[in-house]
Each structure stands twice: as C-alpha cells, then as structure tokens.
Amino acid sequence: MLPLAHLTITRESAEAERPFRLGAAAYGPRAEKLARDLVAHIDVWGSDRLAVPRMAITSAGYASTADHAIGKPGSRITLTR
C-alpha cells in the first residue's frame, strides 16, 4: 500500500483577506511524514503568492535536480515554481 495525501481547506473566518486555511490529510504508511512534507510545500507557496507552481511527471529513472520531487515506483513527480 502506497501512502496518499491531499490538500484540505478549512474556513477560518469571515475575513475577506484570509477566509480559508490550507492543510493536508494523509493515509497509509508514512502518512504523517507525507502530510508534513505537503504542508511544507503549502508554506513555501504561501510565502510567494505570485509564484506559479509547475508539476512534471517523468519516468522513475529520470534524474532530477529539483528540491521537491516525489519518487514513485514507475515515475517521479517534480514540483517547481
């Protein structure tokens, strides 16, 4: 079983500036670490609101120099901004 994580959104207040909070939920083995990693990505993107995140999916053997890469058995997901 592979771990799975997804973004969560929670209404914080009625403030127009920041009505929602982004978070993460994860399931499976190493779920806690996966959720922490996803929250770290959210924090980085949140500190630079004008950044445009990009996701690339390549074969597992593709060498990547990106800081944010998720290795899977058959592929590698790379996140850049």
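**Figure 1. Arg30, an exposed residue in the loop between β2 and α1****.** At 60% relative accessibility, Arg30 counts as exposed, because the cut-off for that class is over 50%. The model shown here and in the other views is predicted. Arg30 sits in the loop that runs between β2 and α1. Its backbone deserves a look: phi is positive, about 60°, although Arg30 is not a glycine. Most residues other than glycine have a negative phi.

**Figure 2. The whole chain, with one helix and five strands****.** Along the sequence, the elements follow the pattern β-β-α-β-β-β. The C-alpha atoms fill a box of roughly 45 × 30 × 15 Å, taken along the principal axes. The chain has 81 residues, and 16% of them count as buried.

**Figure 3. A salt bridge between Glu32 and Arg36****.** Side chains of opposite charge can pair when their charged atoms come close. Here the side chains of Glu32 and Arg36 meet at 3.0 Å, N to O. Both residues belong to helix α1. They are four residues apart, about one turn of the helix. Is Glu32 buried or exposed? Glu32 is exposed, with a relative accessible area of 60%. A search of the whole structure finds two salt bridges; the view that follows shows Asp37 and Lys33, whose side chains also meet in a salt bridge.

**Figure 4. A salt bridge between Asp37 and Lys33****.** The N to O distance is 2.8 Å. Asp37 and Lys33 both lie in helix α1. Their spacing is four residues, about one turn of the helix. Asp37 is partly exposed, at 32% relative accessibility. Lys33 is partly exposed too, with a relative accessible area of 45%. Both values fall in the partly exposed class because neither is under 20% nor over 50%. Asp37 also appears in the pocket view, where it is among the lining residues closest to the centre of the largest pocket.

**Figure 5. The largest pocket, with a volume of about 1100 Å³****.** Of the 36 residues that line it, the closest to the centre are Leu34, Asp37, Leu38, Val39 and His41. Which element gives the largest share of the lining? Helix α1 does, with ten residues. At least two lining residues each come from β1 (4-11), β2 (20-27), α1 (31-47), β4 (68-71) and β5 (75-80). By class, the lining of the largest pocket has 19 nonpolar, five polar and twelve charged residues. Rolling a probe the size of a water molecule over the atoms shows where empty space is left.

**Figure 6. An open sheet of three strands in the order β3-β5-β4****.** The pairing is antiparallel. The edge strands are β3 (54-59) and β4, and each pairs on one side only. From one strand to the next, the twist averages 20°. Strands of a sheet pair through backbone hydrogen bonds, either parallel or antiparallel.

**Figure 7. The pairing of β3 with β5****.** These two strands run antiparallel and are joined by six bridges. Which residue of β5 stands opposite Met55? It is Leu79. Ile57 has Ile77 of β5 as its bridge partner. Ser59 has Ser75 of β5 as its bridge partner. In a regular strand the side chains alternate between the two faces of the sheet. How many of the six residues of β3 are buried? The number is zero, so β3 lies largely in the open.

**Figure 8. The hairpin of β4 and β5****.** Three residues lie between the two strands. The pairing of β4 and β5 is antiparallel and spans four bridges. Ile70 has Ile77 of β5 as its bridge partner. Ile77 is thus shared by two views, since it is also the bridge partner of Ile57. β4 and β5 both contribute to the lining of the largest pocket as well, with at least two residues each.

Methods:
Residues are numbered from 1 along each chain as its sequence is written. This is a predicted model: local features need pLDDT of at least 70, side-chain atom pairs count only at pLDDT 80 or more; totals for chains, interfaces and linings use all residues. Side-chain values use heavy atoms; hydrogens and water are left out. On a 1 Å grid over the protein atoms alone, a cavity is a set of points where a 1.4 Å probe fits but cannot get out, and a pocket is an open set with protein on both sides within 12 Å along at least five of seven lines; lining residues have an atom within 4 Å of a point. Grid points are joined across faces, edges and corners, and a volume is the space filled by probe spheres set on the points. Ala, Val, Leu, Ile, Met, Phe, Trp, Tyr, Cys and Pro count as nonpolar, Asp, Glu, Lys and Arg as charged, and the others, Gly among them, as polar. Two strands pair if DSSP finds at least two bridges between them. Axes are lines fitted to C-alpha atoms, for helices over the stretch in contact, and angles run from 0 to 180 degrees between N-to-C directions. Buried means under 20% relative accessible area, exposed over 50%, partly exposed in between (1.4 Å probe, protein chains only). A salt bridge is a side-chain nitrogen of Lys or Arg within 4 Å of a carboxyl oxygen of Asp or Glu.
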